[in-house]
Amino acid sequence: MPRTRGESIFFTAITAWMMVYVMTLYNTVLATGSFTNMTFLIALKGMWVEYIIIAITASYITYAIYNAVIFTSIDTLNNKYFCIQ
């Protein structure tokens with residue numbers, strides 16, 4: 001997991017890109033009915049609006065929720081955590 005803000009931005013950019021590209025590729029294959037080399041290019045051209053939305057959502061909204069949940073359930077002084085069952 002990323003430790004600095006730069007690593008966090010890079011990690012978010014890579015994971016968001018992979019997720020959006022694969023899902024766009026999947027939807028393109030379902031829409032066209034074929035899986036050819038041109039399908040990769042069509043998916044790459046059509047993914048950028050979704051990519052920007054997911055990257056912003058992952059960077060700001062999800063990151064804030066993650067910090068609120070994780071760091072309130074971990075005792076950093078004793079390295080103990082609460083197990084939710």
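Q: What does buried mean here, and is Ser 8 buried or exposed?
A: Buried means under 20% relative accessible area, exposed over 50%, and partly exposed in between (1.4 Å probe, protein chains only). This is a predicted model in which local features need pLDDT of at least 70 and side-chain atom pairs count only at pLDDT 80 or more, while totals for chains, interfaces and linings use all residues. Residues are numbered from 1 along each chain as its sequence is written, and side-chain values use heavy atoms, with hydrogens and water left out. Because the relative accessible area of Ser 8 is 9%, Ser 8 is buried.

Q: Which residues is Ser 8 in contact with, leaving aside its neighbours within four places in sequence?
A: Ser 8 sits in helix H1, residues 5–32. Contact means heavy atoms within 4.5 Å. With neighbours within four places in sequence left aside, the contacts of Ser 8 are Pro 2 and Tyr 63.

Q: What pattern does the protein follow along the sequence?
A: Helices (H or I, at least four residues) and strands (E, at least two) are DSSP runs, numbered from the N terminus. The protein has three helices and two strands. Read along the sequence, their pattern is α-α-α-β-β.

Q: Which helix gives the most residues to the largest nonpolar core?
A: A nonpolar core is a set of buried Ala, Val, Leu, Ile, Met, Phe, Trp, Tyr and Cys residues joined through side-chain atoms within 4.5 Å. The largest one has eight residues: Ala 16, Val 20, Tyr 21, Leu 25, Ala 43, Met 47, Tyr 51 and Ala 55. H1 and helix H3 (48–72) each supply at least two residues of this core. The most, four residues, come from H1.

Q: Is Thr 28 buried or exposed, and which residues is Thr 28 in contact with beyond its neighbours within four places in sequence?
A: Thr 28 is another residue found in helix H1. Thr 28 counts as buried because its relative accessibility is 11%. Leaving aside neighbours within four places in sequence, Thr 28 is in contact with Gly 33, Thr 39, Ile 42 and Ala 43.

Q: Which element of the protein has the highest mean pLDDT, and which the lowest?
A: pLDDT is the predictor's confidence in each residue, from 0 to 100. The protein averages 84, and 82% of the residues score at least 70. Among the elements, the highest mean pLDDT (94) belongs to helix H2 (residues 37–45) and the lowest (60) to strand E2 (residues 80–81).
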